[in-house]
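I opened the notebook to record what I looked up in this structure, entry by entry. The sequence and the coordinates come before the notes.

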Amino acid sequence: MTYEFQSAVTRGGNIVTPEKLVITDKFVQWSQNNGLRSLFLAKSAITIPRSVISGVEFDGKLIGADILIWTISGQSIFAKNFTTADAKQIKKLLLNQHI
């Protein structure tokens with residue numbers, strides 16, 4: 001199953017270049033377009049296997065939340081400006097808890 005989440009403009013996310021998290025059964029991918037200044041709207045992306053995820057935390061702010069996903073190998077994903085509800089769901093999905 002595939003779940004997709006996007007940073008929220010109402011939580012401070014960029015309307016032109018939102019951050020995206022895609023969670024599948026095997027991988028987690030963070031991506032963000034580099035914007036109009038980049039040739040052909042280049043994209044930054046990080047993909048990590050779910051099998052190496054060692055922790056997930058989210059930092060609830062006044063509005064919205066930032067998400068930190070780290071692995072046993074030291075690689076990490078830091079995603080900003082998601083809704084608190086999305087952050088909680090992402091954490092549950094990645095820690096294999098029931099939603």
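I took helices and strands as DSSP runs numbered from the N terminus, a helix being H or I over at least four residues and a strand E over at least two. With that in hand, I placed S31 in strand 3. I should state early that this is a predicted model, in which local features need pLDDT of at least 70 and side-chain atom pairs count only at pLDDT 80 or more, while totals for chains, interfaces and linings use all residues. Residues are numbered from 1 along each chain as its sequence is written, and side-chain values use heavy atoms, with hydrogens and water left out.

**Entry: overall layout**

I found one helix and seven strands in the protein, and read from the N terminus the elements run β-β-β-β-β-β-β-α. For burial I used relative accessible area: buried is under 20%, exposed is over 50%, and partly exposed lies in between (1.4 Å probe, protein chains only). On that scale 33% of the 99 residues count as buried. For surface I used the Shrake-Rupley method with a 1.4 Å probe, where for residues only the protein chains shown count as cover; the protein exposes about 6,200 Å², and carbon and sulfur atoms supply 54% of that area.

**Entry: the sheet of four strands**

I counted two strands as paired if DSSP finds at least two bridges between them. Four strands then form an open sheet in the order 1-2-3-4, with antiparallel pairing. Strand 1 (3–6) and strand 4 (43–49) are the edge strands, each pairing on one side only. For angles I relied on axes fitted as lines to C-alpha atoms, for helices over the stretch in contact, with values from 0 to 180 degrees between N-to-C directions. Neighbouring strands of this sheet are turned by 15 degrees against each other on average, direction ignored. Strand 3 (residues 27–33) and strand 4 run antiparallel and are joined by seven bridges, and F27 has P49 of strand 4 as its bridge partner.

I then returned to S31, which is buried, with a relative accessible area of 6%. Taking contact as heavy atoms within 4.5 Å, and not counting residues up to four places away in sequence, I listed P18, E19, K20, K43, S44 and A45 as the residues that S31 touches.

**Entry: the sheet of three strands**

I traced an open sheet of three strands in the order 5-6-7, again with antiparallel pairing. Strand 5 and strand 7 stand at its edges with a single partner strand each, so one side of each is left without a neighbour in the sheet. The twist averages 15 degrees from one strand to the next. Strand 6 and strand 7 are joined by five bridges; I69 stands opposite I77 in strand 7, and L68 stands opposite F78 in that strand. The hairpin of strand 6 and strand 7 has four residues between the strands, and there G74 takes a positive phi near 95 degrees.

**Entry: the helix**

Which residues of helix 1 are buried? I noted A87, I90, L93 and L94. Seen down the axis of helix 1, these buried residues fall within an arc of 130 degrees, so they line one face of the helix; the arc is that of the directions from the helix axis to the C-beta atoms. Their cover includes strand 1, strand 2, strand 3, strand 5 (53–60), strand 6 (65–71) and strand 7 (76–82). Q89, also in helix 1, is partly exposed at a relative accessible area of 25%. Its C-alpha atom is separated by 9.7 Å from that of F5, 84 residues apart along the chain. Helix 1 is followed by N96, whose phi is positive, near 55 degrees.

**Entry: salt bridges**

I called a salt bridge a side-chain nitrogen of Lys or Arg within 4 Å of a carboxyl oxygen of Asp or Glu, and by this rule the count comes to two. The side chains of E19 and K80 meet in one of them (3.1 Å, N to O), and this pair links E19 in strand 2 with K80 in strand 7, 61 residues apart. E19 counts as buried at 3% relative accessibility, whereas K80 counts as partly exposed at 34%. The side chains of K91 and E57 also meet in a salt bridge (3.9 Å, N to O), linking helix 1 with strand 5 across 34 residues. K91 is partly exposed at 23%, and E57 is partly exposed at 41%.
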